[in-house]
Amino acid sequence: MKLRKVGIIGTGHVGSHVAFSLALQGEVDELYMMDIDEKKAKAQAMDVNDAVSYIPHRVTATSGPIEECGDCDILVFSAGPLPNLYQDRLESLGDTIAVLKDVIPRIKASGFKGFIISISNPADVVATYLCKHLDWNPKRIISSGTALDSARLQKELAHIFDISNRTITAYCLGEHGASAMVPWSHVYVQGKPLVELQKELPHRFPELDHKQVLDDVKIGGYHVLAGKGSTEFGIASATTELIRSVFHDEKKVLPCSCYLDGQYGETGVFASTPAVIGKEENMQKKQKLCNVP
């Protein structure tokens with residue numbers, strides 16, 4: 001029986017937290033850590049192994065060169081420059097491309113044939129670049145995209161309405177960045193459209209300033225960045241959810257960045273829409289699940 005193996009390229013703040021989130025939630029059996037700083041990658045693997053006695057699932061973590069990641073089932077790309085508080089995500093593209101030019105030939109040399117999840121910024125452009133320059137099956141690569149933005153949106157709405165995040169279905173779509181949008185007609189509370197609740201129970205579900213809510217969501221990551229120098233926990237949880245959906249073939253609908261091939265009138269680019277995520281290739285494609293204007 002083959003064990004579930006995830007390789008992580010880039011083991012800094014984000015990559016290391018993805019690794020530990022996977023281990024802590026029991027969603028991986030083997031971790032393979034890779035970084036330009038080989039000592040850091042080795043230390044991160046050792047740190048995970050130190051935790052095994054106190055987590056409910058046995059995990060083995062190792063480190064090594066990218067050229068030896070060929071037996072991984074899923075590859076997480078989290079390498080790139082540290083985020084800059086005063087910089088738009090798109091402005092980091094040049095630095096990330098420089099990393100990709102080094103990494104891509106090494107992925108090819110490894111013989112890796114699995115599923116790729118990219119979480120480096122700018123998310124949608126990086127996924128498009130990886131897909132094109134690896135000559136990858138677009139059904140086997142996604143970016144976390146607006147998965148994190150959607151979690152922040154659900155957090156904001158939960159706070160405003162004083163209800164659990166888990167009772168809310170609400171997605172940010174489009175770009176993981178300044179141009180993200182919210183299809184408000186598709187926001188639901190326990191299966192009922194928010195727009196209906198606002199008409200029926202206005203005292204409980206008051207009207208919202210949609211622009212202000214979206215602005216708060218967009219700036220949320222920068223508040224975290226300003227306070228601690230990086231964002232880690234949210235993106236780690238979002239990435240773990242995506243990986244869980246692949247490994248368990250959940251066919252779960254998640255907002256993430258996938259290749260558009262005619263959906264919503266767009267072709268040849270990655271952007272976040274509701275997507276059905278599962279193990280089979282035909283489930284790792286974009287489904288037009290809502291009529292987003």
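The following paragraphs lead through the salt bridges, the aromatic contacts and one helix of this structure, which is a predicted model.

The charged side chains offer a starting point. In total, 13 salt bridges are counted. One of them joins Arg4 to Asp29, with 3.1 Å between the closest N and O atoms. This pair ties together distant parts of the chain: Arg4 belongs to the segment before strand 1 (5-9), while Asp29 lies in the loop between helix 1 (13-24) and strand 2 (30-34), and the two are 25 residues apart. Arg4 and Asp29 are both buried. They also take part in a wider arrangement, since a network of salt bridges links Arg4, Glu27, Asp29, Glu241, Arg244 and Lys252.

Next to Arg4 in the sequence comes Lys5, whose side chain meets that of Asp71 in a salt bridge, 3.1 Å from N to O. Here too the partners come from distant parts of the chain, with Lys5 in strand 1 and Asp71 in the loop between strand 3 (60-63) and strand 4 (74-77), 66 residues apart. The two ends of this bridge have unlike surroundings. Lys5 has a relative accessibility of 9% and therefore counts as buried, whereas Asp71, with a relative accessible area of 43%, is partly exposed.

A salt bridge may also lie within one helix. Lys211 and Asp215 form such a bridge, at 2.8 Å from N to O. Both belong to helix 7 (residues 210-228), and because they are four residues apart there, about one helical turn separates them. Lys211 is exposed, its relative accessible area being 58%, and Asp215 is partly exposed at 28%.

The aromatic rings give a second set of contacts. Three aromatic pairs are found in the whole structure. In one of them, the ring centres of Phe112 and Trp136 lie 5.7 Å apart and the ring planes meet at 5 degrees, so this pair is stacked. Phe112 is in the loop between helix 3 (93-110) and strand 5 (115-118), and Trp136 is in the loop between helix 4 (123-134) and strand 6 (141-143); the pair thus links distant parts of the chain, 24 residues apart. Phe112 and Trp136 are both buried.

Tyr259 and Phe270 make an edge-to-face pair, with 5.8 Å from centre to centre and 65 degrees between the planes. Tyr259 is part of strand 10 (residues 252-261) and Phe270 is part of strand 11 (residues 267-277), eleven residues apart. Tyr259 counts as partly exposed at 27% relative accessibility, while Phe270 is buried, with a relative accessible area of 5%.

Rings also receive charged groups. The charged end of Arg204 sits over the ring of Phe205, 5.2 Å from the ring centre. Likewise, the charged end of Lys228 is placed over the ring of Phe233, at 4.0 Å from the centre.

Helix 4 deserves separate attention. This helix has twelve residues and spans 16 Å from its first C-alpha to its last, close to the expected 16 Å. Its buried residues are Ala123, Asp124, Val126, Ala127, Tyr129, Leu130, Cys131 and Leu134. Among the elements that cover these buried residues are strand 4, helix 3, strand 5, strand 6, strand 10 and strand 11. Just after helix 4, Asp135 adopts a positive phi of about 55 degrees. Trp136, the stacking partner of Phe112, lies in the loop between helix 4 and strand 6.

Definitions and conventions: Residues are numbered from 1 along each chain as its sequence is written. This is a predicted model: local features need pLDDT of at least 70, side-chain atom pairs count only at pLDDT 80 or more; totals for chains, interfaces and linings use all residues. Side-chain values use heavy atoms; hydrogens and water are left out. A salt bridge is a side-chain nitrogen of Lys or Arg within 4 Å of a carboxyl oxygen of Asp or Glu. Buried means under 20% relative accessible area, exposed over 50%, partly exposed in between (1.4 Å probe, protein chains only). Rings of Phe, Tyr and Trp (its six-membered ring) pair if their centres lie within 6.5 Å; planes under 30 degrees apart count as stacked, over 60 as edge-to-face and the rest as tilted. A charge sits over a ring if NZ of Lys or CZ of Arg is within 6 Å of the ring centre and within 35 degrees of the ring normal. The expected span of a helix is 1.5 Å times one less than its number of residues. Contact means heavy atoms within 4.5 Å.
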